[in-house]
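Please open the model in a viewer and keep the selection panel at hand. The stops below proceed from one chain to the interface between chains.

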Amino acid sequence: MHALLPVLRRSADPVAAVQRHTAPFNSNTWTAPAALGAIARLEQEARGADAVRVRDLVSPVLSGMGDAYVFQAVRPACIALALTGVFAGVPRAALGAAFVLYAAAALLQFRRSFVRGAALGADAGRAVAQLRPPARVARCARGAVGLAAGAWIAWGLIRAWEAGPSGAFVLGGTLCVGYTAARHQRAPGWVFAGLVLLAILLRRFSNPVGLP
Amino acid sequence: MTAAMPGAAMLLGALFALDDAVCVSLLISEPVFAGALFGAVTGRFEAGVLCGALLQCVWIATLRVGGVRPPEGWLAAVAATSAAPAGLAFDHGAWLASESLAPALLWGVACASAGAKLRAGLVRSIERGADRAVARAVAGDLGAVNTLHRGAAALHLVRGALAAFLAVALGTRFAALVAPAGLLAPAGWIAFGLGCVALGQTSGRGARWTWGVGGLAGVAWAWWGGGS
């Protein structure tokens with residue numbers, strides 16, 4: 001409602017307009033501008049009922065698309081780029097490149113979706129495909145994440161083996177435990193803490209597998 | 001603890017909390033970026049990046065949708081950086097085998113969990129305030145919405161500053177306390193392994209061919225000296 005307030009204030013009945021938009025919006029921030037653009041245009045045209053329909057019908061669909069685009073494609077891809085640079089010993093360049101890529105993608109998406117949403121107005125419901133985040137970017141980002149996953153595992157196993165067979169044992173064991181824990185939706189932070197505490201205990205009280 | 005640490009922690013903590021909870025989240029509240037920034041400001045860039053990178057591996061695929069309450073990754077990075085031992089260096093990936101980072105990373109994970117609970121409590125308070133602000137707005141006081149928005153941002157700012165200060169102040173004491181105990185563990189490989197699994201699952205089964213291509217690239221990277 002805060003984002004819409006400048007438009008709502010200018011409507012014929014500002015209090016009624018505010019009342020229309022007191023329901024939860026709860027949208028992904030990358031796709032919210034599309035719904036906001038459409039709603040703002042409809043409110044300016046004094047079509048409050050259409051604005052509410054766009055909020056209730058279009059926004060949840062766009063939000064689901066935005067969540068998949070951001071949290072399963074763009075964000076992990078940029079973070080994987082940054083971390084690969086850190087592992088390769090070029091942290092400044094990698095962190096800078098990842099930040100610029102992510103910020104550029106976000107700002108372009110905000111602008112693009114707001115402009116398109118405002119242009120479509122009440123037609124936003126029929127033209128959701130035009131408002132969705134770019135599928136090609138999502139495919140490329142997911143491919144990059146897959147590449148990073150394969151490269152990390154291969155590089156990590158070789159590096160761990162070079163550091164000592166016990167390092168490769170720890171990494172291999174973590175891959176198995178991590179996969180099982182992820183399938184059972186265990187919180188990764190607690191899985192990590194549990195494994196580290198187990199390793200500390202094994203190292204202090206016995207060392208049957210030659211932990212480093 | 002360097003003299004700049006508490007001040008830097010409060011300043012950056014406020015910034016990270018705003019980025020994470022109020023603004024559009026442009027990655028700077030992710031652990032690796034938060035650790036790098038905090039480390040750069042306090043003169044411990046290597047420690048910041050290394051702790052942040054390992055914690056980032058743990059939470060690389062955190063979903064922030066619906067009612068999910070993600071851990072405070074930035075707070076974990078700041079806390080772990082403050083508790084990290086001296087003398088860390090990039091050393092082209094060899095630091096992954098370092099054992100001395102385990103206590104600092106555990107401290108970071110604990111702070112992230114506590115920070116998530118603090119944020120959830122604050123969000124509940126803000127939601128109660130939002131109900132009152134909406135009632136006032138409907139009654140004609142449209143400025144109540146703006147006041148709520150600014151108030152919520154200020155509360156998150158204060159939360160970030162205080163949480164970061166506490167994490168740093170207690171983190172240095174924690175590090176001094178556990179140092180004599182010699183709590184060593186291959187935390188680097190464990191975090192790295194969890195990161196690999198999370199990345200593989202995020203890319204999805206449809207991208208399995210990319211895992212194979214990436215694996216070949218990883219072998220070439222290791223053999224031809226990338227990161228060595």
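For the angles quoted on this tour, axes are lines fitted to C-alpha atoms, for helices over the stretch in contact, and angles run from 0 to 180 degrees between N-to-C directions. The model displayed is a predicted one.

**Stop 1: chain B as a whole**

Select chain B and colour it by secondary structure. Eight helices and zero strands are present in chain B, giving the pattern α-α-α-α-α-α-α-α along the sequence. The C-alpha trace of chain B extends over about 70 × 50 × 25 Å along its principal axes.

**Stop 2: H4 and H5 of chain B**

Next, select H4(B) together with helix H5 of chain B, residues 102-138. The axes of H4(B) and H5(B) lie 7 Å apart, and the two helices pack at an angle of about 150°. Their crossing is right-handed. Display the side chains at the contact: from H4(B) come B:Leu75, B:Ala76, B:Ala79, B:Ala80 and B:Ala83. They meet residues of H5(B), including B:Trp107, B:Gly108, B:Cys111 and B:Gly115. By class, this contact of H4(B) with H5(B) comprises ten nonpolar, two polar and no charged residues.

**Stop 3: H3 and H4 of chain B**

Keep H4(B), residues 73-83, and add helix H3 of chain B, residues 45-58. How do the axes of H3(B) and H4(B) cross? They come within 9 Å and cross at roughly 135°, which makes H3(B) oblique to H4(B). The crossing of H3(B) and H4(B) is right-handed. On the H3(B) side, select B:Ala47, B:Gly48, B:Cys51, B:Gly52 and B:Leu55; on the H4(B) side, select B:Ala76, B:Ala77, B:Ala80 and B:Thr81. The contact of H3(B) with H4(B) contains six nonpolar, three polar and no charged residues. B:Ala76 and B:Ala80 of H4(B) appear in the contact with H3(B) and also in the contact with H5(B).

**Stop 4: the interface between chains A and B**

Now show chain A as well. The contact draws 74 residues from chain A and 79 residues from chain B. About 6800 Å² is buried between the chains, with carbon and sulfur atoms giving 79% of that area. How many salt bridges are counted between chain A and chain B? The count is one: zoom to A:Arg75 and B:Glu30, whose side chains meet at 2.6 Å, N to O.

**Stop 5: a helix pair across the interface**

Finally, select helix H7 of chain A, residues 135-163, and helix H8 of chain B, residues 208-223. Their axes come within 6 Å and cross at roughly 40°; H7(A) and H8(B) are therefore oblique to each other. H7(A) passes H8(B) in a right-handed crossing. Among the contact residues of H7(A) are A:Gly143, A:Gly146, A:Gly150, A:Trp155 and A:Arg159, while those of H8(B) include B:Trp211, B:Gly214, B:Gly215, B:Gly218 and B:Trp221. Eleven nonpolar, seven polar and one charged residues make up the contact of H7(A) with H8(B).

Note on methods: Residues numbered from 1 in each chain as written. Chains lettered and ligands numbered in written order. Predicted model: local features only at pLDDT ≥ 70, side-chain atom pairs only at ≥ 80, totals over all residues. Heavy atoms only, no water. Helix = DSSP H or I, 4+ residues; strand = E, 2+ residues; numbered from the N terminus. Parallel < 35°, antiparallel > 145°, perpendicular 65-115°, else oblique. Left-handed = near helix turned anticlockwise from the far one by under 90°. Contact = heavy atoms within 4.5 Å. Nonpolar A, V, L, I, M, F, W, Y, C, P; charged D, E, K, R; others polar. Buried area = accessible area lost by both parts, 1.4 Å probe. Salt bridge = Lys/Arg side-chain N within 4 Å of Asp/Glu carboxyl O.
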